[in-house]
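Subject: Structure handover

Dear colleague,

I am passing on the structure for your files. My notes on it follow below.

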Amino acid sequence: MADSEKNPVYGPFFGVMGAASAIIFSALGAAYGTAKSGTGIAAMSVMRPELIMKCIIPVVMAGIIAIYGLVIAVLIAGTLSDNTSYSLFSGFVHLGAGLSVGFSGLAAGFAIGIVGDAGVRGTAQQPRLFVGMILILIFAEVLGLYGLIVAIYLYTKA
């Protein structure tokens, strides 16, 4: 098999798409989680302004989701090259890694946003709900972490 067949010129396209997917989808999830939780905090702060800093946790957790995508996007972008040493296999693996962290970050961001919104509103009315909200947020955050783990594992296979 010729080197140009094993490492075609369009191989890096899939790696670039993997890096872009990682940051785009995880940032979309983080943005949704931040916006949805932020509206809950704004509504809650009208009744209980002293709880604003305590209830900012869902926004912080949503921001961490974007960091997962950023890490994978930077790792993938660091291996991209314009010469013929980037194989088609590496491109497909990097695309899979980017989609893995991107889509799981999107799902985690949606979960954090919905739980954060309802959780901070509920905490304003019943402070004992705070610990339950934090536990549910942790489980939602772990969804993004699972995608990061799979993406790192895939990245090492390229």
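Which residues are linked in a network of salt bridges? In this predicted model, the network joins K36, D117 and R121.

Salt bridges

Side chains of opposite charge can pair when their charged atoms come close. The count of salt bridges here is three.

In the pair of K36 and D117, the closest N and O atoms are 3.7 Å apart. This pair links distant parts of the chain, since K36 belongs to helix α2 and D117 to helix α4, 81 residues apart. D117 also meets R121 in a salt bridge, at 2.7 Å from N to O. Here both partners lie in helix α4, four residues apart, which is about one turn of the helix.

The members of the network are covered as follows. D117 has a relative accessible area of 11%, and because the cut-off for buried is under 20%, D117 counts as buried. K36 is partly exposed at 28% relative accessibility, and R121 is partly exposed at 36%.

The remaining salt bridge pairs R48 with E50, with the closest N and O atoms 2.7 Å apart. R48 is partly exposed, with a relative accessible area of 25%, whereas E50 counts as exposed at 54%.

Nonpolar core

The largest nonpolar core has 29 residues. Within this core, I72, V101, I112 and L137 have the most contacts. Helices α2 (11-47), α3, α4 (88-125) and α5 (129-157) each give two or more residues to the core. The largest share is that of α5, with eight residues.

As for I112, leaving aside residues up to four places away in sequence, its contacts are S37, P58, M61, A62, I65, L137, A140 and E141. One of these, L137, is also among the core residues with the most contacts.

Nonpolar surface

There is also a nonpolar patch on the surface, of about 440 Å². The residues that make this patch are V60, I64, I67, V71, L75 and I152. Helix α3, residues 57-79, gives the most to the patch, namely five residues. I67 lies in this helix. At 47% relative accessibility, I67 counts as partly exposed, because the cut-off for exposed is over 50%.

Helix α3 therefore appears in both places: this helix gives two or more residues to the largest core, and five to the surface patch, where patch residues have over 30% relative accessible area.

Regards

Methods. Residues numbered from 1 in each chain as written. Predicted model: local features only at pLDDT ≥ 70, side-chain atom pairs only at ≥ 80, totals over all residues. Heavy atoms only, no water. Patch = residues over 30% accessible without salt bridge, like charges linked within 9 Å, V, L, I, M, F, W, Y side chains within 5 Å. Areas by Shrake-Rupley, 256 points an atom, 1.4 Å probe, with all protein chains shown as cover. Salt bridge = Lys/Arg side-chain N within 4 Å of Asp/Glu carboxyl O. Buried < 20%, exposed > 50% of the residue type's maximum accessible area, 1.4 Å probe, protein only. Core = buried A, V, L, I, M, F, W, Y, C linked by side-chain atoms within 4.5 Å. Contact = heavy atoms within 4.5 Å.
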